[in-house]
Amino acid sequence: MSKTIRHAEPAPLTTTTQPAPNSSPAPAATHLIRKVLVANRGEIARRVIRTCREMGIATVAVFSDADAGAAHVREADEAIRIGPPAASASYLNVPALIEAAARTRADAVHPGYGFLAENAAFAAACRDAGLIFIGPAPDVIARMGSKREARRLMAAAGVPVVPGYDDADQSDVHFALAAREIGYPVLVKASAGGGGKGMRSVRAEGELAEALAGARREALAAFGDATLLLEKLIDEPRHVEFQIFGDAHGHLIHLGERDCTIQRRHQKIVEETPSPALTPELRARMGAAAVTVGRRLNYTNAGTVEFILAPTGDFYFLEVNTRLQVEHPVTELATGLDLVRWQILVAEGHPLPLAQDAIRFSGHAVEVRLYAEDPAAGFLPQIGPVARWRPPDGADVRVDAGIQTGDAVTPHYDPLLAKISAHGADRAEALRRLEHALARTVLLGLRTNQDYLRRVLLHPAHLAGQISTAFVARHAAELLTPADQPIAGLSGDALAALAVTIHRLPERPGAGQSSQWRNNPGPSPLQRYTALRDDAGPAIGIRLAPATGNHLAVSIVSENQERTLDMLVHARSGGDLAVEIDGRLVHAICAEVAPGEWWVRVAGATHALRWMPPLPEPSVPSAFATAATPAMHATSTARRDAVADGAILAPMPGQVVAVTAGEGQAVRAGDPLVILEAMKMEYTVRAPYAGVVTSLRCRPGDQVAPRAVLLELHPLDHPSS
Ligand code: ADP
């Protein structure tokens with residue numbers, strides 16, 4: 001292992017450039033950081049601010065117009081507006097960020113992850129402006145920003161890389177020859193790629209040309225660089241990565257691994273440490289390979305070396321992420337270290353606080369990423385209001401959230417809302433604790449993957465550690481089916497409708513609990529609701545009649561059946577309710593998100609309902625309803641909604657990246673028509689049936705609202721065609 005030092009805290013400031021011998025006092029920092037500008041938003045900005053505050057370092061938040069009221073802005077010591085909502089005009093606006101640092105006399109910049117975190121030009125611009133960039137050197141960022149260069153460098157250093165093609169010749173012919181040599185299936189990757197963008201699996205030669213074209217286009221749009229490479233597609237792999245840390249004194253260590261195998265669209269949703277797949281011997285070999293990678297780069301600060309692990313136990317280098325990872329909390333939970341603190345110490349010029357053999361790992365830690373997305377609609381990103389956010393509490397549960405009640409999730413940024421992590425003595429305890437924490441989490445106003453993640457965590461195959469990156473696809477049916485646990489025979493939607501009706505009962509001013517309903521004149525009119533997911537679906541009717549004390553006689557009308565149950569209201573305050581049904585206490589939390597649109601958390605699931613006015617009347621859209629409701633509506637029914645009388649509709653709000661069909665063109669079912677991008681996700685709208693494009697209604701660059709008409713497609717087999 002490397003020459004490392006054993007003290008846990010940095011020594012007082014003096015200057016030396018020599019690596020410290022293991023037992024001597026620490027060499028000194030060369031700078032004392034007093035104020036950090038956090039060039040990011042959301043949970044990671046808050047995470048960095050927290051450690052800065054603990055270290056006595058002042059912070060400057062930056063914000064776009066969409067984030068003026070955001071939590072990270074409130075929590076920082078100072079905040080500077082850097083532009084309009086679009087990321088390109090704000091969080092990616094290098095001159096605005098450098099100017100914000102100058103105006104506030106910050107002496108360092110923390111980039112977080114995403115946005116400019118792996119942008120070598122930004123790191124260099126900070127350095128040129130006399131700012132300390134809390135991250136690795138710009139040249140290392142630049143070299144690792146190219147998957148092609150990283151592969152070549154690591155192969156030369158003897159680190160195993162996936163068999164593949166990374167030559168400069170980018171012609172389709174060469175890719176086809178290389179793919180044949182590597183053997184199908186292959187994976188097309190964007191050299192500048194990240195976040196799964198520009199990646200296409202290709203099972204057979206016939207699919208290669210479309211995959212190359214798609215990956216080039218996506219890579220050019222996202223990274224301004226269309227360079228591609230090919231890799232052998234490893235079957236049933238795991239993703240195992242190592243956290244590395246280096247300092248300017250020649251020390252380089254690793255802080256163990258993270259297993260990030262559970263992914264959708266090549267993006268992680270669950271991460272854990274230690275990896276259930278590693279034996280001590282394999283861990284030692286992979287850890288040594290990660291350290292070799294770091295040394296080869298003279299790496300400083302925090303980085304992550306990603307590997308793909310084949311079922312055979314062979315592992316291959318994937319890439320180095322030159323920043324703090326989203327999933328760093330699991331490493332912090334298992335090691336008890338604060339990685340942001342280490343980043344700051346290293347940036348100040350201190351040596352690493354601990355030597356490799358002083359790093360201790362305890363128990364098991366698991367993190368899930370709570371995303372604004374609808375798993376039932378192919379994980380389509382969602383926007384909407386955060387009408388109620390109540391994160392879980394509890395020992396050994398950690399929440400890193402960017403949101404607060406009253407926020408709005410907009411299409412401008414990544415749909416990551418929060419990360420929830422749990423620590424346990426062993427894997428089973430950590431998983432159970434995390435699932436329980438998720439069950440207690442309340443987020444009303446937009447669809448998320450909250451309950452999907454709960455099903456992932458406790459899925460028998462996941463509990464048994466039998467996972468690969470194919471887990472989400474393989475177990476789709478079970479993972480997408482909510483385990484509805486009816487209470488007194490009532491479905492979740494019926495319970496939700498009941499909760500809303502009770503919540504809306506007028507309060508009698510000054511009425512004591514026991515006399516709450518006594519003077520109520522008679523049964524209330526029937527209140528009808530439909531599930532927002534399925535507006536055309538069956539209505540649920542609820543009628544309340546007062547009984548004695550806090551008892552209610554509740555009639556539930558559903559699909560022409562009427563049942564009456566006796567219920568006892570224990571508590572009612574704000575949107576929170578506690579109702580006894582059939583001897584069982586049921587808690588519910590309700591929020592009205594737009595007029596007549598209700599979100600309810602009850603019996604371990606979140607339900608969205610639309611109240612149906614007694615007489616048909618035009619609905620009054622709220623400021624949000626126009627933006628958010630259609631997107632939510634478009635979720636589970638995205639496929640069905642994609643067509644209306646020959647019109648092909650946008651399934652989500654976003655920007656048109658490309659229009660791949662022309663007017664008058666005949667297309668087959670499944671052919672790509674329009675490519676949309678929103679919230680860092682690209683979505684291909686495909687022809688739902690064979691037809692002729694009669695009218696194009698969008699152009700590349702257009703911003704489209706959800707359910708906007710993209711084009712008209714006249715069916716080929718239509719009787720009148
Ligand atoms: P990005 O930088 O876009 O995140 P990576 O190269 O890190 O791309 O890969 C992301 C994910 O894609 C991996 O975690 C893994 O699930 C999958 N993947 C990458 N390379 C391969 C491969 N050669 N074979 C199989 N799966 C792969």
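A residue counts as buried when its relative accessible area is under 20%. The legends below describe a predicted model.

**View 1. Gln382 in a loop between two strands.** Gln382 sits in the loop that joins strand 17 (380-381) to strand 18 (384-385). Its relative accessibility is 1%, so Gln382 is classed as buried. From this loop, the side chain of Gln382 reaches the backbone oxygen of Leu380 at a distance of 3.1 Å.

**View 2. Polar contacts to oxygen atoms of the ligand.** A polar side-chain atom of Glu319 lies 2.8 Å from a ligand oxygen atom. Gly195 places a backbone N or O atom 3.2 Å from an oxygen atom of the ligand. For Gly194, a backbone N or O atom is 3.5 Å from an oxygen atom of the ligand. The ligand taken alone exposes 550 Å², and the protein buries 95% of that area.

**View 3. Elements and residues of the shell around the ligand.** Strand 7 (186-190), strand 9 (228-232), strand 13 (301-309) and strand 14 (315-321) each give two or more residues to the shell. There are 23 residues around the ligand, and those that come nearest are Lys147, Gly196, His239, Gln263 and Glu319. By class, eight residues of the shell are nonpolar, eight are polar and seven are charged.

**View 4. The ligand between domain 2 and domain 3.** Domain 2 covers 163-232 and domain 3 covers 238-480. Because both domains give residues to the shell around the ligand, the ligand lies between them.

Note on methods:
Residues numbered from 1 in each chain as written. Predicted model: local features only at pLDDT ≥ 70, side-chain atom pairs only at ≥ 80, totals over all residues. Heavy atoms only, no water. Near = heavy atom within 4 Å. Polar contact = N/O pair within 3.5 Å; in protein donor to acceptor, adjacent residues only side chain to side chain. Areas by Shrake-Rupley, 256 points an atom, 1.4 Å probe, with all protein chains shown as cover. Helix = DSSP H or I, 4+ residues; strand = E, 2+ residues; numbered from the N terminus. Nonpolar A, V, L, I, M, F, W, Y, C, P; charged D, E, K, R; others polar. Domains from an automatic or database assignment. Buried < 20%, exposed > 50% of the residue type's maximum accessible area, 1.4 Å probe, protein only.
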